[in-house]
Amino acid sequence: MMTTWSSHWPDIQPELLALVLRRLPSLADRVRLRAVCRPWRYNAQLEPLPPPLPWLGLLDGTFLSILGGEIYHMPVLDGVSCHGSMDNWLFVHNDGGCALMNPFSKATLQLPNLVGIWHHEMRYACTGHSLLYKLVVPSSVSLTSDSLVVALVTDSYFSGTICICQSRIATVINNDIKNIVDVAFFDGKLYFLNLDQHLFVLEIGKGHNGNPKISAIRSIVDSIEYPRPVLCLQSDDERCAYVFCNYLVESAGKLLYVRRRIGILVPFTYEHVLFARTHSFAVFEADLTADSCREWRSVNTLRGQALFVGRCSKSLPAAECGHCGVQEDCVYFISDYNKSNPNVDPLRDSGVFNMRNGTITPLLPETVVVQMQGLKPGRRTWFFPTDEAM
C-alpha cells in the first residue's frame, strides 16, 4: 500500500522560521526563504531581523556581496554615473542633473544639478579632476520629493561646498570655511569636518516659503595635534609619503572621526596613486558635552560596533551580524579615494582593520577574483540594502 505524504512546510511554527531566518547569511537568502510560500512570507515580515551586510557597488553597474563574493546584477540607468550612495539609494548623475535612485524599485528622486552649483561657487572648473560626493539626510526612514538632503561636493584637492537641497531647490553655504572633507547628521544637527580636523556644527531652520535656512555655523572642536604627512624610507631608492582620508560616522550614539593613513610612493605619479595602500586607522570621539573643553578624544574600542567607511559610512552592531562574520572593533574600508581603472582589481586597497591588534586582513578571501564587465564613470561605494527593499 502506498502512503501519500503531504507537505506541512507552510505550517512550520513562526518561532522555528525565525530561528532559520536569523541564521541566513545574506539578503538574497532571506528573499528566497520568503518566496517559498505565502505563510513564510507573512511570518518573515513580522520578524525583526539584524541589518543585512552592505554590498560593494562596482563601476559596471553590479554589486558585490562581501559575504562570499557573489555578484548581483541590478543595472543602473543608461547614461548615468554613480558617485556615491545613501543607505539603499544610489547617487547618480548625468547631463540632466543629479538624482537619487533605488536600484531595487528603480524609483528616482530628482536633485538640483550639484556639478553646476559647485563650479559656480568655486568660480572655476576643475577640468580633469573627478568630483567627490557625499549625501546625508536627517532620517532615512522614507525619502520624498520634499525631503531635506545635504550634499557635500569636493574636488581632488578638498575644496568643498555644502548644498542644502529640498524640493529641487539648493541653498549653498557660502562662507570662508575651506577644505571640507566630510559631513554627517548627528542628534538632529549637521556637523562637518575640514582638513585641519576642525569640527563645525550647522543648524538648519525654515526660511521664506518653507525653504531651508542656515541659522548658525559654529566651530566646536579644534584640531588634533599630530605630525603632518611625512616621508619615510621604504628601500634604498624608494620613498613613501603618507596622506590621510577622513570620515565622520555616527556610531552607537557617538560622533566619531575616523582617520585613514595611506602610503603612496613618491613622486606622485598616476601609477603610484593607483596602487596606494592603507597602513592604519585612528578613531576619535567628539566630546560634545556642555561642560567639556570640546575636543577629540582618541578611542581604542567601538563598543561592539563595526564601521564601514567610505563615501557612504555607517556603523552596524557586530553582535547582531556575528553569524555573517562581522567583527566588532573593526573598520571595513574600500578604495573610494580615486578613480577606478578597468585593469585594476576592484578589491585593491580594501580590507578590515582590527583596532585591537592593529592588523589589516583582506575584505574577501584572496581566492575570490572579481572581474568587471566594462566600466562607468564614478567611484566605488558601500550600498546598504534593506529587507523592505526586496
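Me: What is the accessible surface of the protein, and how much of it belongs to carbon and sulfur atoms?
Reply: Accessible areas here come from the Shrake-Rupley method with a 1.4 Å probe, and for residues only the protein chains shown count as cover. The protein's surface comes to about 19400 Å². The share of carbon and sulfur atoms is 52%.

Me: What kind of model is this, and how are residues numbered?
Reply: The model is predicted: local features need pLDDT of at least 70, side-chain atom pairs count only at pLDDT 80 or more, and totals for chains, interfaces and linings use all residues. Side-chain values use heavy atoms, without hydrogens and water, and residues are numbered along each chain as its sequence is written, from 1.

Me: What percentage of the 390 residues count as buried?
Reply: Buried means under 20% relative accessible area, exposed over 50%, partly exposed in between (1.4 Å probe, protein chains only). By that cut-off, the buried share is 51%.

Me: Which strands give two or more residues to the largest nonpolar core?
Reply: A nonpolar core is a set of buried Ala, Val, Leu, Ile, Met, Phe, Trp, Tyr and Cys residues joined through side-chain atoms within 4.5 Å. The largest has 21 residues, and Leu-64, Phe-308, Tyr-332, Leu-363 and Trp-382 touch the most other members. Strands (E, at least two residues) are DSSP runs, numbered from the N terminus. Those giving two or more residues are S21 (305-309) and S23 (330-333).

Me: Is Ser-251 buried or exposed?
Reply: Ser-251 is found in strand S17, residues 239-251. Its relative accessible area is 4%, so Ser-251 is buried.

Technical notes: Helices (H or I, at least four residues) and strands (E, at least two) are DSSP runs, numbered from the N terminus.
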